[in-house]
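Here are a few notes on the charged side chains, for when you have the model open. Have a look and see whether you read it the way I do.

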Amino acid sequence: MILRPILISAFSRHHLLHFPNVVKQRPQRLRPVTIGAAALAFSMAVGLVHLDSDTFRDQETTVVDPATSIEFPTTLQIPSKGALPEFTLIGVGVRFVSFLRIKVYSAAFYADLSNPNLKIPSSASPEEKVKYIVRNTACVLRIIPTRNTTYTHLRDGFVRALEKRQWIAHQAGELSSDEQLMLQAPMGQLRSAFPNAPLVKGTPLDLVLTPPDLKQPRALIIRDLGAIQNGWVAQGLFLSFFDEQGNSAALKQSVFDRVAQL
């Protein structure tokens with residue numbers, strides 16, 4: 001059975017309220033989370049995003065990552081002149097590194113589930129549903145470090161994940177050698193977008209995947225840092241969080257459990 005938009009909307013209103021560890025909070029003062037000058041200039045040039053505010057509006061209902069006690073709002077709304085959708089939280093999870101299982105960050109995956117063109121096949125597996133969502137609607141990954149780290153540390157992890165996806169796609173015949181060469185430029189833009197600077201514990205880093213557009217490639221907008229307009233890189237980075245163990249096995253499992261209900 002194919003879900004219609006009204007059922008997807010019902011999911012966002014009902015099922016997300018049944019996350020474990022959901023807490024109710026009093027309305028909070030808006031916290032600044034800006035797209036940034038570089039990304040704003042890019043997005044205005046290509047007509048992707050026209051912001052009239054530099055804040056994300058967090059709703060009063062939040063979901064807590066049980067491994068880190070970091071809270072994520074169940075919805076994100078980015079005010080803009082060109083209406084951006086309200087993003088619905090799908091899952092959260094912690095990233096561990098090394099055999100010591102050191103907690104690096106908590107991550108949350110959001111998507112525009114109210115997109116009228118989003119018709120998730122009910123018979124699809126959770127993995128197939130996530131791929132369908134990433135490929136067919138706008139998404140957000142919010143990353144909040146649990147300890148002081150650096151932008152380059154996160155960048156290196158993103159680049160390694162994309163390079164692995166390239167290699168696998170090339171071996172499977174899904175990406176030609178010429179197409180790999182064409183990815184060198186956007187991959188270079190991704191590397192240069194992250195500064196050699198610290199990322200303080202508790203500071204959110206938002207990755208925004210723009211919605212599909214027949215007139216131009218999809219873009220990856222990195223809050224405060226810049227944007228890369230290349231569909232393969234933009235979608236690939238999001239999908240890399242759900243490859244095998246992904247960047248966070250906990251996030252992957254949380255998202256798969258939630259989309260299984262769609």
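Which residues are linked in a network of salt bridges?

1. Start with the network: Arg142, Asp206, Arg223 and Asp224 are the ones linked by salt bridges. Bear in mind that this is a predicted model. Across the structure there are seven salt bridges, and I picked out three pairs to go through.

2. From that network, take Asp206 and Arg223, whose closest N and O atoms sit 3.6 Å apart in a salt bridge. This pair links distant parts of the chain, 17 residues apart: Asp206 belongs to strand 12 (residues 205–209), while Arg223 is in the loop between strand 13 (219–222) and strand 14 (226–229). Asp206 is buried, at 1% relative accessibility, and Arg223 is buried too, with a relative accessible area of 7%.

3. Next, Arg191 and Glu163, which form a salt bridge at 2.8 Å, N to O. Arg191 is in helix 6 (residues 184–193) and Glu163 in helix 4 (residues 151–171), so this pair ties together parts 28 residues apart in sequence. Arg191 is partly exposed at 34% relative accessibility, and Glu163 is partly exposed at 39%.

4. Last, a pair within one helix: the Lys131 and Glu127 side chains make a salt bridge at 3.8 Å, N to O. They are four residues apart in helix 3 (residues 126–136), so about one helical turn separates them. Lys131 has a relative accessible area of 31%, which makes it partly exposed; Glu127, at 38%, is also partly exposed.

Technical notes. Residues numbered from 1 in each chain as written. Predicted model: local features only at pLDDT ≥ 70, side-chain atom pairs only at ≥ 80, totals over all residues. Heavy atoms only, no water. Salt bridge = Lys/Arg side-chain N within 4 Å of Asp/Glu carboxyl O. Helix = DSSP H or I, 4+ residues; strand = E, 2+ residues; numbered from the N terminus. Buried < 20%, exposed > 50% of the residue type's maximum accessible area, 1.4 Å probe, protein only.
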